[in-house]
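Thanks for making time this morning. I would like to walk you through the charged side chains of a structure that is new to most of you, so please have a look at it first.

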Amino acid sequence: MATDARPRLAILDRNHHVREYLCREFTGQGYAAQALRDAAELKACLDSDAPPQVVVLDPEALHPDASLAGHLAGIAARVPLVLHVFPEAETPAGGWDAPGALVVEKQADTRELGRAVRAALKVWEGA
């Protein structure tokens, strides 16, 4: 059985339209993109046999689960993290406690997000 050589990308956004759109965009660019609905799915994905190589995360998607929201640093320590935020979003005091995480503002054009994902993937490959 052949393994999928495409870079693995997990996308967690609170808006299902956004996460499905991003999955289509990144799949079209050659990624194995997986849409995640919530913090529980993110945890299961990270603990799986084939964890993502990059996580694109809307920090607001973790708001209901304060226990995981407080562990962004733990996620960033395991896998490169790209935080996908609204332009008007306020950065919490002290940031998101995710050293090395890249922050990209949400916009209709996904080029900037794509650049951040590629940069994060290079971090994974260089580790």
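Let me start with R111 and D109, whose side chains meet in a salt bridge, with 2.4 Å from N to O. Please keep in mind throughout that what we are looking at is a predicted model. How exposed are the two partners, R111 and D109? R111 has a relative accessible area of 55%, and because that is over the 50% cut-off it counts as exposed, whereas D109, with a relative accessible area of 33%, is partly exposed.

R111 also belongs to helix 5, which covers residues 111–126, and that helix brings us to another pair. The side chains of E112 and R115 form a salt bridge as well, at 3.0 Å from N to O, and both residues lie in helix 5, where they are 3 residues apart, or about one turn of the helix. As for accessibility, E112 is partly exposed at 38%, and R115 is likewise partly exposed, with a relative accessible area of 44%.

Elsewhere in the sequence, D47 and K43 are joined through their side chains by a salt bridge of 2.8 Å, again taken from N to O, and here D47 is partly exposed, with a relative accessibility of 45%.

So far I have spoken of pairs, but which residues are linked in a network of salt bridges? They are D13, R14, D58, E60 and K106. Finally, for those who like to keep a tally, how many salt bridges does the structure hold? The count is 9.

Conventions
Residues are numbered from 1 along each chain as its sequence is written. This is a predicted model: local features need pLDDT of at least 70, side-chain atom pairs count only at pLDDT 80 or more; totals for chains, interfaces and linings use all residues. Side-chain values use heavy atoms; hydrogens and water are left out. A salt bridge is a side-chain nitrogen of Lys or Arg within 4 Å of a carboxyl oxygen of Asp or Glu. Buried means under 20% relative accessible area, exposed over 50%, partly exposed in between (1.4 Å probe, protein chains only). Helices (H or I, at least four residues) and strands (E, at least two) are DSSP runs, numbered from the N terminus.
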